[in-house]
Structure formats: C-alpha cells, structure tokens
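Biologist: Before accepting any label in this model, I would like to see the rule behind it. Please set each value against its definition.

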Amino acid sequence: MPSIAPDVLKNEEAISVAPWHSPKYAIWGWESNRREDIQTTVVSWAPEIGNGGNGDWSAITNAVERSMAILQLRDDWDGEGAQGYDRDTWQRAADFVLEQSRYARDCFRRSLGVPRISPADDGSIDVMWISDSAKLLVNFPRNSKEGATFYGANPEGGTVSGMLGEKNRPDLVLWLTQLK
Amino acid sequence: MADAAEVVKWESEQIPDPAELYMRVHTGQLPDGVLHPGVFKEQGDYLSVDWEKYSTKEESRRRAKEPGKIGIVTLIAGTVRAIEDLRVEHEPIPLNRAHSGIKGITIPDGNAAKIRKTKIRFKLFEYFHTFSLAPPEAV
C-alpha cells in the first residue's frame, strides 16, 4: 500500500471495511436484487472519502454500479451464440477501477476520470479510460487464471501495453494522471 | 430448367483498400448506449462484415435476427489491413454475397497474442467509433 496523508488515513480505514468495497457484499446485493442498497452504500461513503474530487468519485462509483447491467447478458443474449458474463469477471474489473481511482486520488490528488466498463468477447469485460491526452484499454478475461491485458496510447505516439499482473498498478495510474 | 433449390455459389473477390465494410452491432452490447472496443467481437475465428459492393447498410442490418436492435459501424478495408497484420477477405455465402471477414485478430499462443488482441481492438475502436447507421430502437 502506498503511503497516504494522515488526514486520509482515517477514511482509508473506513473504506477497508466498507461493504461496497467487498466482493462478498456486491454479490449479496446482486443476488438479493437490492440494487438500491448498493447505490445507497456508495453514495453514503462518497462524502467520507477524502477531498480529492468528491464529484468525480461519485461519478466513478456510479459508473461501476451501472456496469452491473452487463451481468444481465446471459449466454446467447444476442441470439447468435454470444457468451454471457459472470460476477467474478465483473468484480475483478470493478475492483481494478476503484483501486486505481482511489490511488490516483490519494497519492496524486488527481482523478482518473470516469472509465467505460463494457462487455467484450468470450465473456470478458473491458475497462477504458479516455481523455484528450491519453487512452487506456484493460481487458479482464472470463478465466481469471489467464490474467488481464492492457494497451494504451497518447497523441504523441507513446504507448504502453502488457499483462496486468498485480491488482494495483501505480505505473498505469501515473500513465493516466501524467497526461491529463 | 434450373432446379429451384440450386444453391448459388458466388466467387470470392479481392476487396480493395478504399472499400467500406459494414459491421453490425447489437444494442445489447451497449449497456450505456455508447460504442466501445468490445463491439469488435469475432464469431469463431473472424469478425463478420458485409462488403458495400454487394450490400447497403440497411440490407446488412436486415440480415440480423433482431434488425430493430442493430446499428451499423462502417470500417474501411485499407485501414483495417494497416492494423497489425489483419486480413480482410471476401467470403460470400449463398444467402449473402456481401459476406466478408476480418481475420487475424485472435492468434494462438501465449500472453503476447492476448496483448496483441487488446491492442487491435483498441486501434479498431480508435479508427471506427461511431454509428454510420444508428439502431432504430433507442438503447
């Protein structure tokens, strides 16, 4: 974990036990079909989470919540044999978005902006950040053992690519925040 | 007299670089109504498209099972070919002379191939990210 300012630490501890950030809770919320509980939890945490762009943080968490609609796409949802999407895949993508966004906010006092979280092929899920100065695409395969891949580019011709590996990627956060 | 059930076999042709290719996108792929790299989705080992020489955008849409939920994204053959080593090949089928495929997105073997695929989808989206024919039904 990166070092964080003391005034953020208190909220950081709260976040670590926040039900929203728990995969178990997210699954419970979905199975119970109590989406309003998930949304309420996210909104209630937002004002308590630091000062680095509350509006942005709310927009990010709202985007993550809306992306749960991907899970409604079951096998053959298009009538042409397309594969459906599962909670584990979505959770990995959601966790990554929240982790990197929080890291950018806490360590750089910057916002990564609101990513697009979208269904891709073979049951995989994409996360894409787009700004005027940088774009980054991360793909989370259905099989978690395969590992996520990423590719990014900027208008100057700079690129970044590879396997995601570790859950936290401060280098990718730096890539996105440096160029905004 | 020709047999009414005789299947027409079209000859494959070379698709020129300036040619337009029509790709169908189902609105089910668009949870928030916006195009994204995931719409470049293969069926088997190729990305299915229709060649403009033998199809209009509307005709391409009507070939889908749910035409009311289909939008069309127009790709340019030469631009596609310039991405890594993708191939654009005309492969007519009896019911669709325009049928063609973009091949080479997925290749076997290892992490490098997976990273390459993500790069390809990134670039396809960078070049082609708007509907040339919007879905008739609101997302």
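Modeller: Start at the interface, where A:Asp121 and B:Lys117 form a salt bridge, with the closest N and O atoms 2.7 Å apart.

Biologist: Why is the pair A:Asp121 and B:Lys117 called a salt bridge?

Modeller: A salt bridge is a side-chain nitrogen of Lys or Arg within 4 Å of a carboxyl oxygen of Asp or Glu. Here the pair is a Lys and an Asp with N and O atoms 2.7 Å apart, so the rule is met. Side chains of opposite charge can pair when their charged atoms come close. Across the interface of chain B and chain A the rule finds two salt bridges.

Biologist: Which helix of chain B gives the most to the side that touches chain A?

Modeller: That is helix α3 of chain B, residues 110-127, with eleven residues. Helices (H or I, at least four residues) and strands (E, at least two) are DSSP runs, numbered from the N terminus.

Biologist: What are these coordinates, and how are they filtered?

Modeller: This is a predicted model: local features need pLDDT of at least 70, side-chain atom pairs count only at pLDDT 80 or more, and totals for chains, interfaces and linings use all residues. Residues are numbered from 1 along each chain as its sequence is written, chains are lettered from A and ligands numbered from 1 in the order in which they are written, and side-chain values use heavy atoms, with hydrogens and water left out.

Biologist: What are the confidence values of the two chains?

Modeller: The score is pLDDT, the predictor's confidence in each residue, from 0 to 100. Chain B has a mean of 92, with 94% of its residues at 70 or more. Chain A averages 74, and 67% of its residues score at least 70. Over residues 1-53 of chain A the pLDDT is below 50, although this stretch has 75 contacts beyond near neighbours in sequence; a contact means heavy atoms within 4.5 Å. Where pLDDT is low, the predicted coordinates should not be read in detail. For the model, ipTM is 0.88 and pTM is 0.80.

Biologist: How many residues take part in the contact between the chains, and how much area is buried there?

Modeller: Chain B contributes 25 residues and chain A 29. The buried area is about 2300 Å², with 63% from carbon and sulfur atoms. That term is the accessible area (1.4 Å probe) that two parts lose on being put together, summed over both. B:Ile115, B:Thr118 and B:Phe122 supply 24% of the area that chain B buries against chain A, more than any other three residues.

Biologist: What makes A:Ser118 buried?

Modeller: Buried means under 20% relative accessible area, exposed over 50%, and partly exposed in between (1.4 Å probe, protein chains only). A:Ser118 has 4%, so the label is buried. The residue lies in strand β1 of chain A, residues 116-119. Among the residues A:Ser118 touches are A:Ile70 and B:His36. Of the 180 residues of chain A, 51% count as buried.

Biologist: Is A:Arg169 buried or exposed, and what of A:Asp171?

Modeller: A:Arg169, at 14%, is buried, whereas A:Asp171, at 38%, is partly exposed. Their side chains meet in a salt bridge at 2.7 Å, N to O.

Biologist: Why does the pair A:Asp86 and A:Arg142 tie together parts of chain A?

Modeller: Their side chains meet in a salt bridge at 3.7 Å, N to O. A:Asp86 lies in the loop between α4 (54-66) and α5 (87-108), and A:Arg142 in the loop between β3 (135-140) and β4 (149-153), so the pair joins parts 56 residues apart in sequence. A:Asp86, at 23%, is partly exposed, and A:Arg142, at 29%, is partly exposed.

Biologist: How do you know that B:Arg97 and B:Glu13 form a salt bridge?

Modeller: Their closest N and O atoms are 3.8 Å apart, so this Arg and Glu pair is within the limit. B:Arg97 lies in the loop between β4 (87-90) and β5 (99-103) of chain B and B:Glu13 in the segment before β1 (20-26), so the pair ties together parts 84 residues apart in sequence. B:Arg97 is partly exposed at 30%, and B:Glu13 is partly exposed at 24%.

Notes:
Lists of a residue's contacts leave out its neighbours within four places in sequence.
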